[in-house]
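Colleague: I have some questions about packing and empty space here. Please show me the structure before we start.

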Amino acid sequence: MFDFYFEIPLVIRLILQGLAVIMVIFPIAGACSMAERKVAAWIQDRPGPNRAVVPWVAWIPFFGKFLQRLGVFHVMADGGKMLFKEDSLPGHVNKFYFVLAPIVAMIPALTTVVAVPFGAYFDAAGKLIPIGLAPLDIGMLAVFAVSSLGVYSAILAGWASNSKYPFLGSVRASAQLISYELSMTLAVLPVFLWVNAPGTEGTMGFARVVEFQSQPGFLGGMWFGFLMPISAFIFLVALFAETNRQPFDTVESESDLVGSFHTEYGAFKWGLFFVAEYSHMIVGSGVFMLLFGGGWNPLPWVSLATAVDFLGTFLPFAHVPLFVGILSIAIFMGKVLAMIFFFMWVRWTLPRFRYDQVMKIGWQKLLPLSIANLLFYAIAIALIQK
Amino acid sequence: MAVITVERKPLTFLERTYLPQIAGGLKTTFKHLIAPKKTLEYPEQRPAIPVGYRGVPTLVKDPNGREKCVSCQLCEFVCPPKAIRITPGEIPADQADRAHVEKGPQAFDIDMLRCIYCGLCQEVCPEEAIFLQNQFSMSGYTRAEMVNHKDRLYELGGTLPDAHHKWDKKKAAEEHGNAH
Amino acid sequence: MDISVLQTLASRNLWGAITPEILLGGLALVLLVIELLFPKEHGRIVPVAALVGLVTILGGVLFNAPSAYLNQETFNGLLVHTHGGQVMRVFFLLAAIMVCLIARVSLAKQTLPRVEFYHIVLVVTAAMMLLAQSNHLVLFFVALETVTIGLYILVSYYRTSLTLEAGLKYLVMGALSSSLMLFGIVLLYGVAGNPALPAHTAQSMHYGQLAAFLAANPHNFLASIGIVLVLAGVAFKIGAFPFQIWVPDVYQGAPTPVTAFLAVSSKAVGFTALLALAGTVFASYAWLVAPVLTFFAATTLLFGNFAALTQHNVKRLIGLSGVSHAGFLLLGVAAVSHAPMAVGAIYFYLFAYLLASFAVFGVMAHVAGTNDADQELDHYAGLAKDRPFLALVLALGLGSLAGIPPLVGFMGKLFIFIAAFQAGLYGLLAIAVIGVVVSIYYYFGWIKAAFFETWGKSADSPAHPERTPVDFVTGFALSALALAVVVLGFYQGPLGSWLSGR
Amino acid sequence: MMTASLNAYVIVSAVLFAIGFFGVLIRRNTLIVFMSLELMLIASTLALVAFSRVNGTMDGNVFVFFILTVAAAEVAVGLAIIVALFRRRQTVQIDQLDTLKN
Amino acid sequence: MAQFLFLLFAIFTVLCAVGVVVNKNAVNASICLILCLVGVAGLFVLLDAYLLAFVLLLVYAGAVAALFLFIVMLLDVQGKETFGLRGFRTIAGFVAFALLLAGIGSVALKGQIVSSPPVSVAGGAQLKLYAYQLFTTYLLPVQIIGFLLLISMLGVIVLSKKHEIAEDAQ
Amino acid sequence: MSTLPFDPLLAAIFAPLAVALAIACGLPKRFSVKLAYVGFGLPLLLALHVWFYYGTAAQTHGYAFLTSYSTGLDSLGIGLKLGLNGISLPLFVLAGIVGFAAGLYAIQSGAERLKIYLMLLLVMQGGLMGVFASVDIFFFYFFHELALIPTFIMVGIWGGRDRNYAAMKLTIYLTLGAMLSLIGLIALYVKSGAHSFDLIELRRVIAAQPLEVTVQHNIFGLLALGFGILVSLWPLHTWAPLGYGAAPSSAAMLHAGVLKKFGLYGLIQIALPLLPAGLIQWSHPLAWLAVVGNVLVIGFVTIAQRDLKQMVGYSSVMHMGYAFLGIAAGSTLGVGGVVLLMVAHGLSVALMFLLTTSVYHRTHTFALDEMGGLAQKAPVLSALFVAATFAGIGLPGFANFWGELTIFVALWKFSPLITILAVAGVVISAVYGLRAAARVFFGPATPEFAKIAAEHPVSDLRWSERLPALILLAALMFIGFWPKSLSTALDATLTPAPAAQVGAVK
């Protein structure tokens, strides 16, 4: 049906796919900023933003009102505001790097998506084909590698702003990013130890991990989140820190730093930072879900294949690859959004740590814990496989 | 007075991980998340204004629809931020029912950008002509709009349903010839 | 590649073969644990633990002198356990013991964390021991870098401005030389594994295979560039002439025990590497290696000695004299291809250098004040009167360094000279003789400062820092060194035959 | 995907190496000297990977791991020294670091 | 295509390297270094060494170069460096540069390095190949590297700890 | 054959060293001094013992008392091999006698830090005994250096005027000489192909296959230069008068008397038999240098000296010229003469230094111009001094006579011109010797001396000073009257080997 697509030259195809993903990520990131406000409001027993409205749409009898109440149109309003506000450039900054920093923030945020598969379908032979921009063998590594470049935006922004608070913020940010990257990496290793049994083809790709979580049987269908709760926990905490989310947003910590490295930023440039942060969150949540949350499997012990088979009993088109693909993407996206909701939920629950506490947690608590965890699983896996 | 040192109870392991507490916090916030919203959607919904609320100062008329203010300027005098400006004037001749009133305000302006809602004008008014009523929102696009003129004040204030009928009595007295 | 192949490969990792190194690493970790367990007393326990451990390991190595793995390649050819390797193990252990002893004296004058120092010394020593047995360029590079980076830290350990400056200089020069060497290794790897060349080999970084390849391609230009680069990198470690510029500054700035470590162990590492590379692997490129080594030896001898002449700071002095010793050793290395006895001679010289240097450094540590970089010749005035024991040890050590018979240093020089003569290096010998004579001058100046000046006029000796009293253990070690310096000069005994591997 | 010849890669790596070497020699700012040193290491890894690709052995690629780790350790130590020195001297220019002289 | 990419990356890398060396401003230099690393990572990809490319980015660009940039900014050394083409060092630098370049370049151009048809390495199995090598043949160096990292960590802690030192009140 | 239950040579070497070690380990002063007597006496006794029994002892490879000990370097052909032949015997005895005399003199001298002084002297003594007892040329060299080092230290610490400069100059010159000769020895070791430092082995190998002529030339040149510096061959002699001038008397006695002979001994024992072609190449330059430089130039310089000790030092340099001449002559006779001269000069110069110091103790100056008339106050001293002077000049009755005579006879065959010049040198030595004796002891007392004598009452030699002097003088006269006591053994050693070869080359 879509064979023509595969006849397009690879480069163009890749560009198309990349654009498609960006087209999805960008709005989601924008929507997240809205969602953040909504969730904040809900948790504070408020309805949240619900006034903005677009002509025509609002006139749709019931649905329009619903959208308005949901605050959907505020996304546009906010985005429009950011785009069209006067984009001022303070006089004391290093212009080049000042402008460069938000761009640098965006690049890794969007590039990491390349390595993350976001769905799967079954080909004619019943083989699982992941959907993603680049089915990399070393997906995990690629994500880590590229996202580690994100630190430059913080450093550059802070330095280029040429004023104290941003600089302090950038120092904090980069130290925090580098600190937590360690525990994060170590936390992920048990998963790959488990996946890469001897004799199988070694990989650090995500698809295999998901495949591993969709096997039949009690252990097979178990998501790694249940199998390795500590790993999942460490990864999660590190993810919070990496994305500078509450309770780890000492970087921003408006009470002592005004705003972090983006104190001097405004308008569109500031918006880019904002979007980059949400993109990070999205990709991070995606990775978390792939590794610990079963990827596109709907439920623990219920794999995508099972689900499709079940659906097949009353939907004739259930096995069509297109449907399976969309279904899996939907499941995956649902999980990611749930994760993002979790992010927000935590944000309005926990107070912010002090900077020294952040460092202490990273180096003195999380790192030893992750090492112990790694050792435990390494030994356990060795014993099991014997 | 003996000092009693109360030892802080040592934290258990679970407490030291803070995880149960965090979970508890999440639970609490989640409860609020799904709890019914307590917001008053204001322009559509209005709060119930309690009795005795002191909002925007207004001028009132007596039940007969006459201005109560006699432009004695006490309120103007007492107003701490000098928000009130009164231009006194004669009672026009055509107002037969007020002919016995010596004066009435020609213009009565309250600058709401200045008013501090202290209520002194109401306190001081001998004629009980000025009241702080339940109107609480004032808004406008220009400064000029924020000055309440006399007609606006009366519009806001309405009629005070008092049973004094002072001017009626005065008129009657005059007519009876025992004025003063 | 299935499991069985892996198991075969893994089974070649004979950990038993490197027991001493593993024990050293373990000991280093134990030190950290001690610090954790005894936060109050670790300042006293750690050095003792390190020393006891080192002595025990040394005893074990000596006890098992003919290791069961002798002349065997282990770790898939990464290591080869030769007699020379055993000798150098003992050498590095001895050096580490002495460094720890001197450090006890020297660190006591500073307010500094202690445990890290000993930890790093132990790890670096283990790396040196592995390096001496390395048979593969990868292991060579990794072990060498471990040594070098450990030394960067140790050099800057006191964190005074001078120490840090020395550390920075050492770092820049060290990293430069590492890069040069690395590029050389890469070129060798690339050439030796190139499928288009004859005798190309899959394991092109293995010494034996590389040597076979080089023998089959005796004039490959790229390989010769690689060889020159590798030699340059090693020349830095030993402080050979064009790469010696770091030596005086770093030696002066570094803490005294580290200076000793640099002077003895680091140099010895360079020479074991040079022996392994220039002596065997690059043997078929003698047309290239020989002139390079000759150049190194000649210039190093001349520079070291003449530069040392004008020094007043004893640390610079001993640094530059160390350069000249490197020259003598290079003379031996240059002779290796023609005189088989040169290898034994180099080992003997190294041991002689070890004994004498540590005797001198031990005294320096006692004479130095809080400011470790400031050790002038004048500070030695009156030493013979104040602390005759230290003065005697100093005199013996310096005498041995100068190569005065009957001290052991003379024997070392003699063997080197014999080897050089056998190899027909007459020109170099002439330079070496000049070097010896010149060196007498500055060593003598030092002895003079310690002895002569004060016995004549004791009244107005210049101010000098407080001299640390010698405690029992250090005193014992210094006497043992002094005695060894003398006795080995008379009677080489089993050591001589053991060193020459016969 | 390798269509450019090995020569080309080796030349690129040699050029990088030479640039790094040049930088070490002529620059006086310690930090930039240090960066130049890193350039040299990187050049080596590039050559190593290219050779490894042509030779068909993994050793070169594996060696790159070691080089990277070593470089990271070296940088960490080096920068610690530079920072500590800067705290005491307020300079990182090599020619101002000349206290150790006779 | 690959040829074009090679040229692109090679030129980019070399230009960035030059940028590192000639830049007066240390911040610019470190940015150039990072870009240069990205270029080299690209070349690695062209050489089918994906893993190394990403490791390079992760370790070098992500951590090492970040540290550089960080320190450069922290010290905020205003580049008063007298950077001119004079003095013995510069001449020596040029000579060394030229020699090295000429040496290796001539060999490469003369074709002494023979490019044989590259042996293809199975793409998917690459990761495992690395692992096999690292944990069988090169297990010992891996262990040594572990100790190396440990001592460098300790060293950095010792060197940067704030500690009262008697000396240096200059 | 020796009837001692131990090896006398080894005992003679290690007795002083052992005593030195004991002192170094912190022996109290009283015991140190007592033990030092043993340390100096034992070598003398053993030397005399060996001398006495030499004729009857069993000879192996031309050596008596041959023993060897391994020092762990057998694989390199290095081992402590001790033995005496006719050449080394006289010098061994010389070392014993002079060492004892110097030791006695040192003990009575009451120097500062006597313990260490004695210790160093004992080390020197042990080294000296070792030099002449070694058959292994490595240990030959080694013991020389062992004896040399204390000299530097003693000059540096106990020396007189300019001691720092003197010590430094001495050290550098002598180290240079030693290094050069070491290289020469190594060359011999390597080039001979014997890969052994054992002299016997070297001789055997070289006899079987002589070295190439150019090689011989080069090695001989190296050795001659190196040893020449050590023996103060002109113009490399400048260290000697300076050093002796500064050195404390016992050290000067031992060095000038015995240790300096090392170079000549090396030439005779090693260079001549092993490198005959080298000698032929170098004999003329060597002879001319010796006769013009050492004998004539230094002779005149000596005459010009105004300082007694310097003068003795220069005279010692001058006499070395004769020794070189004897070696250059190259014949059995000449070599024999050299050995005799070495012994004789060793005894006489030691005596000279001893007496000079004794004079100094009485006059508190070395300046000849400030002395005079000491004979009245110290007759024994003056008698001994005059006797020593006569011995130095080479008058019959003293050992020197036989040495010089033999050398002149041998030299005539080599070159009559040189002989004439050399004999003229005797006149020079007579001039300065007698002049000095006259100036110091006879004639009127100078005002300066009178002043000093007034401050420090002048006494004659004490017995503690007299005894060493007498021992030396006795030995001089014993040999002078009965040279056969040495020459028998000497002939026995010299006749078969070197003479035959030297003759053959001629």
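Colleague: Which residues does F140(C) touch, leaving aside those up to four places away in sequence?
Modeller: This is a predicted model. Contact here means heavy atoms within 4.5 Å. Sequence neighbours up to four places away are not counted. That leaves L131(C), S134(C), M181(C), I185(C), Y207(C), V234(C), A273(C) and L277(C).

Colleague: Which helix gives the largest share of the largest nonpolar core?
Modeller: The largest nonpolar core has 665 residues. F140(C) is among those that touch the most other members, as are L291(A) and L325(F). The largest share, 22 residues, comes from chain C, from helix α14 (residues 341-367).

Colleague: How many residues make up the other core, the one with C69(B) and A83(B)?
Modeller: That core lies apart from the largest one. M146(B) and L156(B) are also among its members. Its residue count is 22.

Colleague: How many charged residues line the largest cavity?
Modeller: The structure holds 12 cavities of 30 Å³ or more, and the largest has a volume of about 160 Å³. Its lining has 18 residues, with S315(F), H319(F), M352(F), G392(F) and I393(F) nearest the centre. By class, eight are nonpolar and 10 are polar. The charged count is therefore none, with Asp, Glu, Lys and Arg as the charged class.

Colleague: Which two chains have the most contacts?
Modeller: Chains B and F do not touch, with nearest C-alpha atoms 65 Å apart. Chains D and F do not touch either, at 24 Å. Seven pairs of chains do touch, and the most contacts are between chains D and E.

Methods:
Residues are numbered from 1 along each chain as its sequence is written. Chains are lettered from A and ligands numbered from 1 in the order in which they are written. This is a predicted model: local features need pLDDT of at least 70, side-chain atom pairs count only at pLDDT 80 or more; totals for chains, interfaces and linings use all residues. Side-chain values use heavy atoms; hydrogens and water are left out. On a 1 Å grid over the protein atoms alone, a cavity is a set of points where a 1.4 Å probe fits but cannot get out, and a pocket is an open set with protein on both sides within 12 Å along at least five of seven lines; lining residues have an atom within 4 Å of a point. Grid points are joined across faces, edges and corners, and a volume is the space filled by probe spheres set on the points. A nonpolar core is a set of buried Ala, Val, Leu, Ile, Met, Phe, Trp, Tyr and Cys residues joined through side-chain atoms within 4.5 Å. Buried means under 20% relative accessible area, exposed over 50%, partly exposed in between (1.4 Å probe, protein chains only). Helices (H or I, at least four residues) and strands (E, at least two) are DSSP runs, numbered from the N terminus.
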